[in-house]
Amino acid sequence: MVQTPCVGERTAVVDAPAGPSPPDDAALVAAARADPRQFGLLYERYVGPVYRYCYLQFGARAAAEDATSEVFLKALAGLSGFRDGSVPAWLFTIARHTVIDLRRKQRPHRSIDEGAEIADRGAMPERLAVDAARRDALRAALAALPADQRAAVELGLAGWSGEQIAGSLKRSRGAVYLLRTRALARLAKSLRRAGWSPEGA
Amino acid sequence: MRGQPSEEERLSVYLAARARDPDAALPDGLDPLYVALLDGLGELLPPEPEPRFAAGLHRRLAAEAAALTGDRPRALAPPRHASRWWPVLAGVATAAVLVVALIGARVWLGGEGSVSAAEIIERAGTATTNPSGYRNFVVTETAEVQTAPLGGSGEQVRSEVTRWYAAPGSWRREVTLTVVGADGRALSNSGLTSVSDGATVWLYRLRDNTVVLRPLSQAPGDDELGPFPEVTGGLSSLLEQTPTCYAPRLRGAETVAGRATWVVNLGASRCPGLDGGASDRPVAWTLWVDKDTYLILKAVQDIDGQVFATTTVTSVRYDVPIEAQRFTFNPPPGARVRDFRGRAP
């Protein structure tokens, strides 16, 4: 699976070349609906993007694996209910609901304040503590974004192509680009308030 | 007259420039914090799924898909990192259903006497291909597959199959399959019922409340959902290849489902491409063979001494009354019915 450039990656921020073309997805879905054993082809294509999206939600491998398993089991079970449309959008919808369900059962992520506490404790080398606090602050700011802006950024980080993100969010690619830009502006504003500095320290 | 560009416009310019050159200069007026922000987002890039996890989930989905179709798991396009193990699981699933077929192949092959492991396996092989000597049977078997020895994350796939059969072509097969997590909680349940009245086959999937109708195949052994589908490609193949590829040893005697059995250890295959044989972690088989009928009542597979699949007959009854409605199927209310009886096979 080709991981496409995304927001945050040093090499590219704008939309990458489109991912798998819709006819391919449609053929895979048709094959899987006719014979569920063919679902493996669809799974292979999307396990990476779905896992990476789930990982971003939980920040932990075990939770991401649980969520990814749930997503694909639900997708397999729901094949007959899938109507013609975007497979990434379908999987994203399942993933989003799955994450919400699983999150209810888990303790919340560390907040910005808790991250600052880590930095203050000095239990680890100062630099690591500061980096960890900055990452926590960034994650918290990301989590506080409006849902569509957050999804636009996170799906990009997870390696979904611009076309896949647009399909998932039911927006045009231009609208997704705008969402990302607004999300970044909002993130910057939040992080300024959280004490981030341009120097990155 | 156009005024100063907004922050978003400056940011767009910077994003486009940065896409071409990671060290692109910030446009005038844009907060340098954006550089740190984009670098910070880069640090959040999630990792790829671990191959072990991806392969384990692939197998689990294949098992689920097999339950949906009523077939044994077969990955038509397994991931490359999992392909080495796929034949193993296919063998497990085959064993899981084959035991039932072997029970159906009830043949009297003489008394116990003194018999070698090789003879027991030979007679068991004969029993798989000469189903006769009964009018009907009801048999239940369970199978349990541990994914950990196969590189999975500790899940178990448990299934139970109950089969009613009445010669010549009436049968009912009910399958339940549960995937249990490493912590013991059930992760998913699925079920499938297939019924034949000798002319029509009903296939019912509980999950989506769908019934598929098709004509019963007239070719013996040609119907995958019939009473003896496994004979053509399951343990019968293993038994046929035993003289060449395995070194059977008589390990003792035990009771299974109330029946006296011989325990025969086949070991691992010496032949390439057979049930994990010639791989770096070959699969070893142990079979429990009915002393009376030479039917296989239990099969266990292990890797490096670690059991990962056990299939056991828990109940078998021959020539018992079976009510006629077992061999018909009435779709439940609201079920989607798809009738393929008028189509060419």
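Reply: Welcome! Two residues are in contact if their C-beta atoms, placed from the backbone, lie within 7 Å. This is a predicted model, in which local features need pLDDT of at least 70, side-chain atom pairs count only at pLDDT 80 or more, and totals for chains, interfaces and linings use all residues. Residues are numbered from 1 along each chain as its sequence is written, while chains are lettered from A and ligands numbered from 1 in the order in which they are written.

Me: How many residues does each chain bring to the contact?

Reply: Chain A brings 47 residues and chain B brings 49 residues. To see where they sit, we use helices (H or I, at least four residues) and strands (E, at least two), which are DSSP runs numbered from the N terminus. On the side of chain A that touches chain B, α2 (39–58), α3 (61–77), α6 (126–143) and α9 (173–193) of chain A each supply at least two residues. The most come from α2(A), with 11 residues.

Me: Which classes of residue make up the side of chain A that touches chain B?

Reply: Start with the classes: Ala, Val, Leu, Ile, Met, Phe, Trp, Tyr, Cys and Pro count as nonpolar, Asp, Glu, Lys and Arg as charged, and the others, Gly among them, as polar. By that scheme, this side of chain A has 26 nonpolar, 10 polar and 11 charged residues.

Me: How do I read a pair of packed helices?

Reply: Two packed helices are described by the angle between their axes and the distance between the axes. Axes are lines fitted to C-alpha atoms, for helices over the stretch in contact, and angles run from 0 to 180 degrees between N-to-C directions. Try helix α7 (residues 147–157) of chain A with α9(A): their axes come within 8 Å and cross at roughly 100 degrees. Angles under 35 degrees count as roughly parallel, over 145 as roughly antiparallel, 65 to 115 as roughly perpendicular and the rest as oblique. Therefore α7(A) and α9(A) are roughly perpendicular to each other. Among the residues that meet are A:D148 and A:R150 in α7(A), and A:V176 and A:L179 in α9(A). The contact of these helices has 5 nonpolar, 2 polar and 5 charged residues.

Me: What secondary structure does chain B have?

Reply: Chain B has 6 helices and 12 strands. Two strands pair if DSSP finds at least two bridges between them. Here 12 strands form an open sheet with mixed pairing, in the order β7-β8-β9-β10-β11-β1-β2-β3-β4-β5-β6-β12 (chain B). At its edges are β7 (249–256) and β12 (336–339) of chain B, each pairing on one side only.

Me: Which strands pair with β1(B)?

Reply: Strand β1 (residues 136–146) of chain B pairs with strand β2 (residues 156–166) of chain B in the antiparallel sense, over 11 bridges. There, B:T140 has B:T162 as its bridge partner. Strand β11 (residues 306–318) of chain B also runs antiparallel to β1(B), joined by 9 bridges, and B:F137 stands opposite B:Y318.

Me: Is A:K170 buried or exposed?

Reply: A residue is buried if 20 or more other C-beta atoms lie within 10 Å of its own, exposed if 12 or fewer, and partly exposed in between, with C-beta atoms placed from the backbone. A:K170 counts as exposed because it has 11 C-beta neighbours inside 10 Å. This residue lies in the loop between α8 (162–169) and α9 of chain A. Its phi is near 55 degrees, a positive value in a residue other than glycine.
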